[in-house]
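Before you go through this entry, I would like to set down some notes on its charged pairs, its cysteines and one of its helices. Please read them alongside the coordinates.

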Amino acid sequence: MSTTLGEVASILRSKNAGPYLLTLDVFFDSTEAFNQVKMSGIITDSLVSRCYGIDESDVINLGWHDSARGLKITIVRPAVSGSPGDRDVYGCQQHAPLLGVKIPIDI
């Protein structure tokens with residue numbers, strides 16, 4: 001059985017971490033859901049780079065935070081915030097590529 005990250009996460013959001021970086025936050029309501037997603041090993045630098053069409057080296061941080069039942073991912077923004085070609089100056093709509101990530105668990 002599987003589900004998607006968008007279905008199992010209680011909060012999945014993005015925001016600027018300065019003009020050059022983007023932070024993606026994923027939080028879970030239950031410890032069980034958090035642990036199952038974390039232990040699945042699906043969410044990696046490689047997955048994030050594929051989802052966002054960036055080099056794996058542009059995934060600056062991917063950190064699990066047990067006490068918060070959350071995951072924080074920081075990536076290099078594809079365009080500097082507010083520069084020509086930037087379509088989301090606040091970075092608040094950049095979480096969408098993670099919504100459909102298949103998680104091979106049944107929660």
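The points below take up the salt bridges, then the cysteines, then helix α3.

1. The model is predicted, and the remarks that follow should be read with that in mind. In this model the count of salt bridges comes to 5, and R13, K15, D25 and K72 are linked in a network of such pairs.

2. Within that network, K15 pairs with D25, and the closest N and O atoms of the two side chains are 3.1 Å apart. Because K15 belongs to strand β2 (residues 11–16) and D25 to strand β3, this salt bridge ties together parts that are 10 residues apart in sequence. The two partners differ in their surroundings, since K15 is partly exposed, with a relative accessible area of 34%, whereas D25 is buried, at 1%.

3. D25 also forms a salt bridge with K72, where the closest N and O atoms are 2.7 Å apart. Here the acidic residue lies in strand β3 and K72 in strand β5, so the pair ties together parts that are 47 residues apart in sequence. K72 counts as partly exposed, its relative accessibility being 29%.

4. A further salt bridge joins D86 to R77, with the closest N and O atoms 2.6 Å apart. D86 is buried, with a relative accessible area of 18%, and R77 is buried as well, with a value of 8%. For D86 it is worth keeping in mind that buried means under 20% relative accessible area.

5. Turning to the cysteines, why does a search of the whole structure find 0 disulfides? The sulfur of C51 is 19 Å from the closest cysteine sulfur, which is in C92, and that is too far for a bond; a disulfide would need the two sulfur atoms within 2.5 Å. As for solvent access, C51 is partly exposed, with a relative accessible area of 25%, and C92 also counts as partly exposed, at 40% relative accessibility.

6. Which residues of helix α3 (residues 45–52) are buried? They are L47, V48, S49 and Y52, and the buried residues of this helix pack against three strands, β3 (21–27), β4 (59–65) and β5 (70–76), and against helix α4 (96–99). Just after α3, G53 takes a positive phi of about 65°, a backbone detail that may be looked at together with the end of the helix.

Terms used. Residues numbered from 1 in each chain as written. Predicted model: local features only at pLDDT ≥ 70, side-chain atom pairs only at ≥ 80, totals over all residues. Heavy atoms only, no water. Buried < 20%, exposed > 50% of the residue type's maximum accessible area, 1.4 Å probe, protein only. Helix = DSSP H or I, 4+ residues; strand = E, 2+ residues; numbered from the N terminus. Contact = heavy atoms within 4.5 Å. Salt bridge = Lys/Arg side-chain N within 4 Å of Asp/Glu carboxyl O.
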